[in-house]
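This report is written for a reader meeting the structure for the first time. It moves from backbone details to a helix, some individual side chains and a ligand site.

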Amino acid sequence: MAAKARTRPKAGVESTGGEPAETLRDYYERMSLVRAFELRSSEMYARAKIGGYCHLNLGEEATVVGLTAAIETRDYLFTGYRDHGYALLRGLSPERVMAELFGKVTGVSGGRGGSMHMFDSEARLLGGYGIVGGQIPPATGAALALKNQETAGPDAAAVMCLLGDGTTNIGAFHESLNLAGLWKLPIVYVIVNNGLGMGTTVEMASAEPDLYKRAASYRMPGVRVDGDDVLAVRDAARDALKQARESRQPVLLEVMCYRLRGHSVVDPARYRSPEETTIAQQSDPVPSFRAELIASGVLSEADAAAIDEAADVRVSEAVVFAEESPEPAREDLFKYVYATPVANAPSALPGEPVMDAL
Amino acid sequence: MTTEVATTRTITYRQALNETLRAELERDEKVFLIGEEIGVFEGSYKITAGLLEDFGPERVLDAPIAEEGFVGAALGAAMLGMRPVVEIMTINFSLIAIDQIVNHAAKMRSMFAGQVSIPLVIRMPGGGGQQLAATHSQNLEVWYAHIPGLKVVAPSTPADAKALLTAAIRDDDPVIFLENLSLYSAKGEVPDGEQVAEIGKAAVVKTGTDLTIVSYSRGTTTALEVAHQLEAEGLSIEVVDLRSLRPLDRDTICASVKKTGHAVVFEDDWLSYGIGAEISATIGEGVFDFLDAPVRRVAAAEVPLPYAKALEKAALPNAADLAKVVREVLNISTTANDK
Ligand SMILES: Cc1ncc(C[n+]2csc(CCOP(=O)(O)OP(=O)(O)O)c2C)c(N)n1
Ligand SMILES: [Mg+2]
């Protein structure tokens, strides 16, 4: 539970010893894919192919890979709006994720949700939430449903609910953790602590800046882990999920990482000092994990370059797919408003008469 | 309006808000600002740029993401005579604070028999059209306009942004001050010196004789654009800018429609139970005998707003929709009652 000091740049895995080379290689491939995807998203935003708000996982790749490696296919995942990497590593194709960013009908949410609202019921990714804290009560309710539907045990499903450090200050966080603690729900709340809300630091926003300690109020284990260490993240998340599925013990896991750029693609992050930017860059988990694997002989320089190249090609294919996909049809504007058809459901476009003369 | 007009400057809506906040912070030490990211980050839409630097962290208070908490805290400070001006990043997030606004701020003066007043301002932008998807694109003005005890203003120009914000800050009641994402960079002439609007008054921003368009906020900009365009086609359109949604200036609306005999409401919210419903009912009750055609509303399609550009465009009311309806209303009347 050692706290990772923000001022101490440290990156890379503590030790890759004992981990099969195949697994390490696989994790690097995933990190490289997320990196390539996010860099391209930023580029596509600049070229106005993507609109609205667009928040990237740049700098958080080890966290994204570690958490998604820990979660099983049967588990449910809820996230905030910084969700591209999680969607990709939950198994959604880069094509469908990029198409969502492009607002195309082939996107994971049919082009209706955009960057902040990735959703795939089959992959058990239940969103993608743009309202800060919006995901926390529904994730808690999903865990309540699991508790009703299944008996606890190693094969039971659990819920993982991701949220940012700033999000721990909203009422919904505290209300939900209390419910989970009280009702003994199979859920792991993961605080992805990148040190900042938009420009507000954790210290400015939270009276108890050691966020994992907030678990104590709900008699829940609180654990902090280095988010630049992919294996440590994976192992901590696995352990937390194990407690959730086997003992119905909710856990609060705090993952310490850095956001490499601004809050969203349009934020130049001028409020950050050059020193802070340097620390974030030095902690960048992608190059350091790469170097680590080369140093330990898991990858050659050529292997690593080939992986990066393959990720780039993969993302290029996604861009072509997104570009060539059709837009949602105007006639389908009202298509998903209600599950049960209802008499007199509004279907007027702006300026259409509200009714015909009787 | 009190005016000591000597000069005017052309500035943006954003700048008008920024300058007004600055002027009121300077004028009255009881005024202070609270909001997320309004200090170090200078505001999500940069309305508070430079204010932390000049007034310090006690007057420009960065709050954590805790809308219910800090709106309620502003309310409590107002009960002790402070004059907090809260920024909620967008109106969508105000739903988290709605209990403090509706169940508390709006009720206190009445429920406690006038023993307390609430000089609280809550500023927030609404508006769609920026591909922010369903949860971040709403026009929820009617939620607040419905509530007795609140005053709700929605300026459409930089000059009104200044005069109405000044009035709101000096007002002793809770004022919901509605901004609009698409107006922040709009420019307009703003008179120098102190400008204090009268809350509760609409303005006829263009005179005409054939038809009245009633609108507010961003909608007024579009209404004026359409009115000028139709002018070229020989139609004389009057535009009423509501400015205040609660209280509603029914006299100004009805006086205009009495003159023109035709009315169209242009609103950014959803049609059912929206602002236009209230305007139409007012016209029906007030000047029914003077109407030459049914009042029509141009409003947003009743769907959670999609992200995809084409769907978003289809769902939001625009100038072409408004022009079409204005023509329909005038055609109907000329064929129906051969004047
Ligand atoms: C209720 C609500 N308030 C405010 C916002 C605006 N907002 C979006 S992201 C954000 C910062 C969140 O920071 P954090 O939880 O640390 O997540 P991060 O962006 O760092 O991943 C804010 C204030 C919002 N979306 N919802
Ligand atoms: Mg954060």
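In this predicted model, B:P247 sits in the loop of chain B that runs between β12 (244-246) and α9 (250-260). The peptide bond leading from B:R246 into B:P247 is cis, and its omega is near -5 degrees. Most peptide bonds are trans, and most residues other than glycine have a negative phi.

Two residues also call for attention through their phi angles. Phi of A:N344 is near 65 degrees, which is a positive value in a residue other than glycine. A:N344 belongs to the segment that follows α11 (301-324) of chain A. A:N344 is exposed, because its relative accessible area of 78% is over the 50% cut-off. In chain B, phi of B:Y273 is likewise positive, near 65 degrees, in a residue that is not glycine. B:Y273 is placed in the loop between β13 (263-270) and α10 of chain B. With a relative accessible area of 75%, B:Y273 is exposed.

Helix α10 of chain B covers residues 275-287. How far apart should the ends of this helix of 13 residues be, at 1.5 Å a residue? The expected span is 18 Å, and the end C-alpha atoms are 18 Å apart, so the two values agree. The expected value rests on 1.5 Å times one less than the number of residues. The buried residues of α10(B) are B:I275, B:G276, B:I279, B:S280, B:T282, B:I283 and B:V287. Seen down the axis of α10(B), these buried residues fall within an arc of 160 degrees, and therefore they line one face of the helix.

In chain A, A:T68 is part of helix α2 (residues 61-70). Is A:T68 buried or exposed? A:T68 counts as buried because its relative accessibility is 8%, and buried means under 20%. The side chain of A:T68 reaches the backbone oxygen of A:V64 at 2.6 Å. A polar atom of that side chain of A:T68 also lies 3.3 Å from the backbone oxygen of A:V65.

Elsewhere in chain A, A:K213 occupies the loop between α7 (202-205) and β5 (222-226). A:K213 is partly exposed, with a relative accessible area of 38%. A:K213 and A:E254 are 41 residues apart in sequence, while their C-alpha atoms are 9.3 Å apart in space.

The remaining topic is the ligand. Ligand 1 lies between chains A and B. Of the 21 residues around ligand 1, those that come nearest are A:Y81, A:R82, A:G166, A:T167 and B:E67. The shell around ligand 1 divides into nine nonpolar, eight polar and four charged residues. The table lists polar contacts of ligand 1 with residues of chain A.

| Atom of ligand 1 | Partner in the protein | Distance |
|---|---|---|
| Nitrogen | Polar backbone atom of A:G130 | 2.9 Å |
| Oxygen | N or O atom in the side chain of A:D165 | 3.1 Å |
| Oxygen | N or O atom in the side chain of A:T167 | 2.6 Å |

How much of the area of ligand 1 does the protein bury? Taken alone, ligand 1 exposes 590 Å², and the protein buries 96% of that. A:T167 thus appears twice in this account: A:T167 is among the residues that come nearest to ligand 1, and an N or O atom in the side chain of A:T167 is 2.6 Å from an oxygen atom of ligand 1.

Technical notes: Residues are numbered from 1 along each chain as its sequence is written. Chains are lettered from A and ligands numbered from 1 in the order in which they are written. This is a predicted model: local features need pLDDT of at least 70, side-chain atom pairs count only at pLDDT 80 or more; totals for chains, interfaces and linings use all residues. Side-chain values use heavy atoms; hydrogens and water are left out. A residue is near a molecule or strand if one of its heavy atoms lies within 4 Å of it. A polar contact is a pair of N or O atoms within 3.5 Å; within protein, one must be able to donate a hydrogen and the other to accept it, and residues adjacent in sequence count only if both atoms are side-chain atoms. Accessible areas come from the Shrake-Rupley method with a 1.4 Å probe; for residues, only the protein chains shown count as cover. Ala, Val, Leu, Ile, Met, Phe, Trp, Tyr, Cys and Pro count as nonpolar, Asp, Glu, Lys and Arg as charged, and the others, Gly among them, as polar. Helices (H or I, at least four residues) and strands (E, at least two) are DSSP runs, numbered from the N terminus. Buried means under 20% relative accessible area, exposed over 50%, partly exposed in between (1.4 Å probe, protein chains only). The arc is that of the directions from the helix axis to the C-beta atoms.
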